[in-house]
Amino acid sequence: MARSFVGEARRPVGRRRDRIRPIIERLAAEHADARIALRFRNDVELLFSVLLSAQTTDVNVNRVTERLFEKYRRLEDYLAVPQEELERDIYATGFFRQKAKSLRGSARLLLEDFDGRVPRTLPELLRLPGVARKTANVVAAELGNPQGVVVDTHVRRLSQRLGLTRREDPVRIERDLIPLVPRADWGRFPHLLIWHGRRVCLARRPLCELCVVNGLCPSSRVVPGAPLG
Ligand code: SF4
């Protein structure tokens, strides 16, 4: 079971509904460069990068796809090689057998049912082999049609610390965030929390004294009115 951060949210800072907009605005000003860290040049590369990113880091995926996307330029290329060759080409991302199956299965279905294009809706994306709700959410959001709020480990931790949810599992956390976060922000909101989580609200030692939302955060370790030190 992942560590919970719900218990850290103890300071009275007002209602979630009143805090969400200023939280988004301040984080957006602070992390203007917050975007998906995967590198891709088109919709298919986006989808396949996200599929490869399960259980590994974005840096690792980018290292692998730099060569992969040079070799496999069209969907047909993924079907033209033996499965084992594709497995070797993505080996370093881990779970390479399952991922190779997902890439080939998705390439086939995209060609057969979608004219070689990546669909934009959740039900269509979920038809692709290996695409679960989180992958579908990330891809749809990146294609400009966010269908929900992506909840990864950073989004979970920051949502709990910021007192936006008291839930533990990602599906329920997303259910809390959807009515709270304005729809226009569904796409960028996870990126803002992810970047803030990587740079400031670190899991072990959050840098509350440097945090632009510390006045809005019930978990802030900065005592209001006390000198910073
Ligand atoms: S770093 Fe910011 S968001 Fe994280 S606990 Fe501290 S005040 Fe809250």
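Hi everyone, this is a short tour of the pockets and the cavity in this structure.

A word on the basis: this is a predicted model, where local features need pLDDT of at least 70, side-chain atom pairs count only at pLDDT 80 or more, and totals for chains, interfaces and linings use all residues. Residues are numbered from 1 along each chain as its sequence is written, and side-chain values use heavy atoms, with hydrogens and water left out.

Let's start with the largest pocket, which holds about 900 Å³ of space. For us, a pocket is an open set of points on a 1 Å grid over the protein atoms alone, with protein on both sides within 12 Å along at least five of seven lines; a cavity is a set where a 1.4 Å probe fits but cannot get out, and lining residues have an atom within 4 Å of a point. Volume is the space filled by probe spheres set on the points, which are joined across faces, edges and corners.

Of the 35 lining residues here, Ser-53, Ala-54, Asp-58, Lys-134 and Asp-152 are closest to the centre.

The second largest pocket has a volume of about 150 Å³. Helix α3, residues 58–71, gives the most to this lining, with 5 residues; helices are DSSP runs (H or I, at least four residues), numbered from the N terminus. The lining consists of Arg-63, Val-64, Arg-67, Leu-68, Lys-71 and Asp-89.

And what about closed space? There is 1 cavity of 30 Å³ or more, with a volume of about 130 Å³. Among its 15 lining residues, Cys-201, Pro-206, Cys-208, Cys-211 and Cys-217 lie nearest the centre. Thanks, everyone!

Note on methods. Helices (H or I, at least four residues) and strands (E, at least two) are DSSP runs, numbered from the N terminus.
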